[in-house]
Amino acid sequence: CLLADDTELIKQVRKKASTTKDSVELIKVLSSLGWELGFEDLKEGLQITEEALRLALKYKDKPMEAKIYDAIGTFYHDMGDAEKAVEFHKKGIQLYLQLPKSEIGLGNAYLNIARVFVSTGDYVTALEYDLAALKLYKAVSYNSGMPKLYNNIGLVYMLNENYDSSI
C-alpha cells in the first residue's frame, strides 16, 4: 500500500509526464513513474517502464537504456520470473560495460542480478556479482551503496553456510 506522500509523488510525476515535451526528460520521468508505480502494481509499473525503454531506444539514450533494462529485470524478479529477470539485467550490464563513468550503475546492476541468483539458490554466481559490485563501489568511493552490498554479501555467505565469512 502506498503512503499519502507516495501517492502525491506519483500524481506529480504523472502530471510532469503529460506535459513534458523534451524526449530525454520524458524518458526519465516515465522511468521514475514506472518505478514508483511498481511498488503498488508491478504490471502497471512494468508497462510504463517499458514505454520509457521504447523511447530510450528510439532516441538512442544508452545510459537510460541500461538503467531501464536493469529496472525491468527487477520487475521480472519481483514477479517471480527469474529467467526473464536475468535476461534484462544482463542487457543492462552489457550496456553499462560500454558506457564511460558507469561504475555506480553497473555496480547496481550487478547487485540486482545477484539478488536473482540468491533467489534461485545459485549462491556462487550471486557472490561473484556482489564482489564485482563491491570492487566498482570501492573504485569510485560509492559509500552509500556499501551497507546494502555488505549485507547482501553476508547473506550469501550465510545461505551458503560459510558462517565465518558472513560476519
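Four helices, α2 (23-38), α4 (62-78), α5 (82-98) and α6 (103-119), each put at least two residues into the lining of the largest pocket. Keep in mind that this is a predicted model. Below is a quick tour of that pocket, followed by three helix pairs: α4 with α6, α2 with α3, and α7 with α8.

**The largest pocket**

- Its volume comes out at about 350 Å³.
- The lining counts 19 residues, and those closest to the pocket centre are Trp35, Asp70, Ala71, Thr74 and Asn112.
- Which helix gives the most to this lining? That's α4, with 6 residues.
- Sorted by class, the lining holds 9 polar, 6 charged and 4 nonpolar residues.

**α4 against α6**

- These two pocket-lining helices also pack on each other, with axes 10 Å apart and an angle of about 20°.
- An angle under 35 degrees counts as roughly parallel, so α4 and α6 get that label.
- The crossing of α4 past α6 is left-handed.
- On the α4 side, the contact uses Asp70, Thr74 and His77, while α6 brings in Asn108, Ala109, Asn112, Arg115, Val116 and Ser119.
- By class, that contact splits into 5 polar, 2 nonpolar and 2 charged residues.
- Some names turn up twice here: Asp70, Thr74 and Asn112 are listed among the residues closest to the pocket centre, and they also take part in the α4 contact with α6.

**α2 against α3**

- α2 pairs up with helix α3 (residues 42-58); their axes come within 7 Å and cross at roughly 165°.
- Angles over 145 degrees count as roughly antiparallel, and α2 and α3 are therefore described that way.
- Here too, the crossing is left-handed, with α2 passing α3.
- From α2, the residues in contact are Leu26, Ile27, Leu30, Ser31, Leu33, Gly34, Trp35, Leu37 and Gly38.
- They meet Leu42, Glu44, Gly45, Ile48, Thr49, Glu51, Ala52, Leu55 and Ala56 of α3.
- The class tally for this contact is 11 nonpolar, 5 polar and 2 charged residues.
- Trp35 does double duty: it is in the α2 contact with α3, and it is listed among the residues closest to the centre of the largest pocket.

**α7 against α8**

- Further along the chain, helix α7 (residues 123-139) and helix α8 (residues 146-159) pack with their axes 10 Å apart, at an angle of about 155°.
- That angle makes α7 roughly antiparallel to α8.
- α7 goes past α8 in a left-handed crossing.
- α7 contributes Tyr123, Ala126, Leu127, Asp130, Leu131, Ala133, Leu134, Tyr137 and Lys138 to the contact.
- Facing them in α8 are Met146, Leu149, Tyr150, Asn152, Ile153, Val156, Tyr157 and Leu159.
- How do the residues of this contact divide by class? There are 14 nonpolar, 2 charged and 1 polar.

Note on methods
Residues are numbered from 1 along each chain as its sequence is written. This is a predicted model: local features need pLDDT of at least 70, side-chain atom pairs count only at pLDDT 80 or more; totals for chains, interfaces and linings use all residues. Side-chain values use heavy atoms; hydrogens and water are left out. On a 1 Å grid over the protein atoms alone, a cavity is a set of points where a 1.4 Å probe fits but cannot get out, and a pocket is an open set with protein on both sides within 12 Å along at least five of seven lines; lining residues have an atom within 4 Å of a point. Grid points are joined across faces, edges and corners, and a volume is the space filled by probe spheres set on the points. Ala, Val, Leu, Ile, Met, Phe, Trp, Tyr, Cys and Pro count as nonpolar, Asp, Glu, Lys and Arg as charged, and the others, Gly among them, as polar. Axes are lines fitted to C-alpha atoms, for helices over the stretch in contact, and angles run from 0 to 180 degrees between N-to-C directions. Angles under 35 degrees count as roughly parallel, over 145 as roughly antiparallel, 65 to 115 as roughly perpendicular and the rest as oblique. A crossing is left-handed if the near helix is turned anticlockwise from the far one by less than a right angle, and right-handed if clockwise. Contact means heavy atoms within 4.5 Å.
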